[in-house]
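I opened my notebook for a friendly look around a new model. Here is what I looked up, entry by entry.

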Amino acid sequence: MTANSAILSAAELRAELAGSRPPVLLDVRWQLGGPDQRPAYEAGHLPGAVYVDLDHELAGPPGAGGRHPLPDTEAFGAVMRRAGVTSDGPVVVYDGGQGWAAARAWWLLRWTGHPDVRVLDGGLAAWVAAGGTVSADRVTSMEGDFKPTPAASGLLDADGAAARARAGLLLDARAGERYRGEVEPIDPVGGHIPGAVSAPTTENVTGDGRFRPADELRARFEALGVTEGTEVGVYCGSGVSGAHEVLALAVAGIGSDLYAGSWSEWSSDPDRPVATGPAVAHA
């Protein structure tokens, strides 16, 4: 995946929307533990954008698989078709600016076989800052024909994540204090998967939420242990910010796999080992 295939700027999106093959727009605004963002969408969104609810449409019910397990494939496909997503038409996803929710939608579409989906770098805030207009109009989309087909690769389960930490590189996208086990505001146990390397996703972006240049991201990941041929895995709290790290790796031209259950699944099993303390140099 090239950098240009993963994200686009507000100016690039404006040009594509005015072109002969405008992308389908998905608004995936979301706040962890916060209020429903549909009212914010209804108050103003990119013209033509369809709202997608992360908690209910980009995730299955919370349970043994974590707080945001992957959605049922058929249900996800129905949501995407309702939004107007076709099998080969371009899709652009955005959120309020943090990028986590947009990355989750991006990852799901990529993993289920969509060939042309990108994230608006900086989200709605970047669009508005660039002079883009917003609309409160009700959006009705033509039914799409996208049928998701999950890939055989790109996804890790708990055993796969543990193996990746031993034989490859497993990045923990959460804040450093959660990785170290100093605080754990959500899950029952603090700490990290043994062998994982702390790589907070917040360090992949600038203060305005835009991704750092590809060369800076590549240098960052190389410093964390990515070398030629390294198999990279990513996890976070529940598979949302982890998708953002997978996106950052893609911007840098580095392939990676997501442990979607992440810490919320891992820590729910008392038999799984837990490590705490600062990161050690990756072997």
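**Entry 1: a residue in H10**

Which residues is Val246 in contact with, leaving aside its neighbours within four places in sequence? I noted first that this is a predicted model. My list for Val246 then read Trp106, Trp107, Val234, Ser256 and Leu258. Val246 is part of helix H10. I looked up its exposure too: Val246 has 6% relative accessibility, so it counts as buried. For a long-range check I took Ser20, which is 226 residues away from Val246 along the chain. The C-alpha atoms of Val246 and Ser20 are separated by 30 Å.

**Entry 2: H5 against H10**

Two of those contacts, Trp106 and Trp107, sent me to the packing of H5 with H10. Two packed helices are described by the angle between their axes and the distance between the axes. For H5 (residues 100–111) and H10 (residues 241–251) I found an angle of about 75 degrees, and the axes are 7 Å apart. H5 and H10 are therefore roughly perpendicular to each other. On the H5 side I listed Trp100, Ala103, Arg104, Trp106 and Trp107. They meet Ser241, Ala243, His244, Val246, Leu247 and Ala250 of H10. I sorted the residues of this contact by class and got eight nonpolar, two polar and one charged.

**Entry 3: H9 against H10**

How do the axes of H9 and H10 cross? I got roughly 115 degrees for H10 with helix H9 (residues 214–223), and the axes come within 8 Å. H9 and H10 therefore also go down as roughly perpendicular to each other. From H9, Ala214, Leu217, Arg220 and Phe221 meet Glu245, Ala248, Leu249 and Val251 in H10. By class, I wrote down six nonpolar, no polar and two charged residues for the contact of H9 with H10.

**Entry 4: empty space**

Rolling a probe the size of a water molecule over the atoms shows where empty space is left. My search of the whole structure turned up one cavity of 30 Å³ or more. The largest cavity has a volume of about 30 Å³. What lines the largest cavity? I read off Gly97, Gly99, Val119, Leu120, Gly122, Gly123, Gly209, Phe211 and His244. His244 was already in my notes from the contact of H5 with H10. The lining has three nonpolar, six polar and no charged residues.

**Entry 5: the loop after H5**

Next I looked up Thr112, which sits in the loop between H5 and strand E5 (117–120). Is Thr112 buried or exposed? At 3% relative accessibility, Thr112 counts as buried. Not counting residues up to four places away in sequence, Thr112 touches Phe76, Phe146, Lys147, Pro148, Thr149 and Pro150.

**Entry 6: a positive phi**

Most residues other than glycine have a negative phi. I therefore made a note of Ser262, a residue other than glycine with a positive phi, near 55 degrees. Ser262 lies in helix H11 (residues 262–266). Its relative accessibility is 0%, so Ser262 counts as buried.

**Entry 7: one from H4**

My last stop was Ala78, found in helix H4 (residues 73–82). With a relative accessible area of 37%, Ala78 is partly exposed. I paired Ala78 with Gly225, 147 residues apart in sequence, and their C-alpha atoms are 39 Å apart in space.

Definitions and conventions. Residues are numbered from 1 along each chain as its sequence is written. This is a predicted model: local features need pLDDT of at least 70, side-chain atom pairs count only at pLDDT 80 or more; totals for chains, interfaces and linings use all residues. Side-chain values use heavy atoms; hydrogens and water are left out. On a 1 Å grid over the protein atoms alone, a cavity is a set of points where a 1.4 Å probe fits but cannot get out, and a pocket is an open set with protein on both sides within 12 Å along at least five of seven lines; lining residues have an atom within 4 Å of a point. Grid points are joined across faces, edges and corners, and a volume is the space filled by probe spheres set on the points. Ala, Val, Leu, Ile, Met, Phe, Trp, Tyr, Cys and Pro count as nonpolar, Asp, Glu, Lys and Arg as charged, and the others, Gly among them, as polar. Axes are lines fitted to C-alpha atoms, for helices over the stretch in contact, and angles run from 0 to 180 degrees between N-to-C directions. Helices (H or I, at least four residues) and strands (E, at least two) are DSSP runs, numbered from the N terminus. Angles under 35 degrees count as roughly parallel, over 145 as roughly antiparallel, 65 to 115 as roughly perpendicular and the rest as oblique. Contact means heavy atoms within 4.5 Å. Buried means under 20% relative accessible area, exposed over 50%, partly exposed in between (1.4 Å probe, protein chains only).
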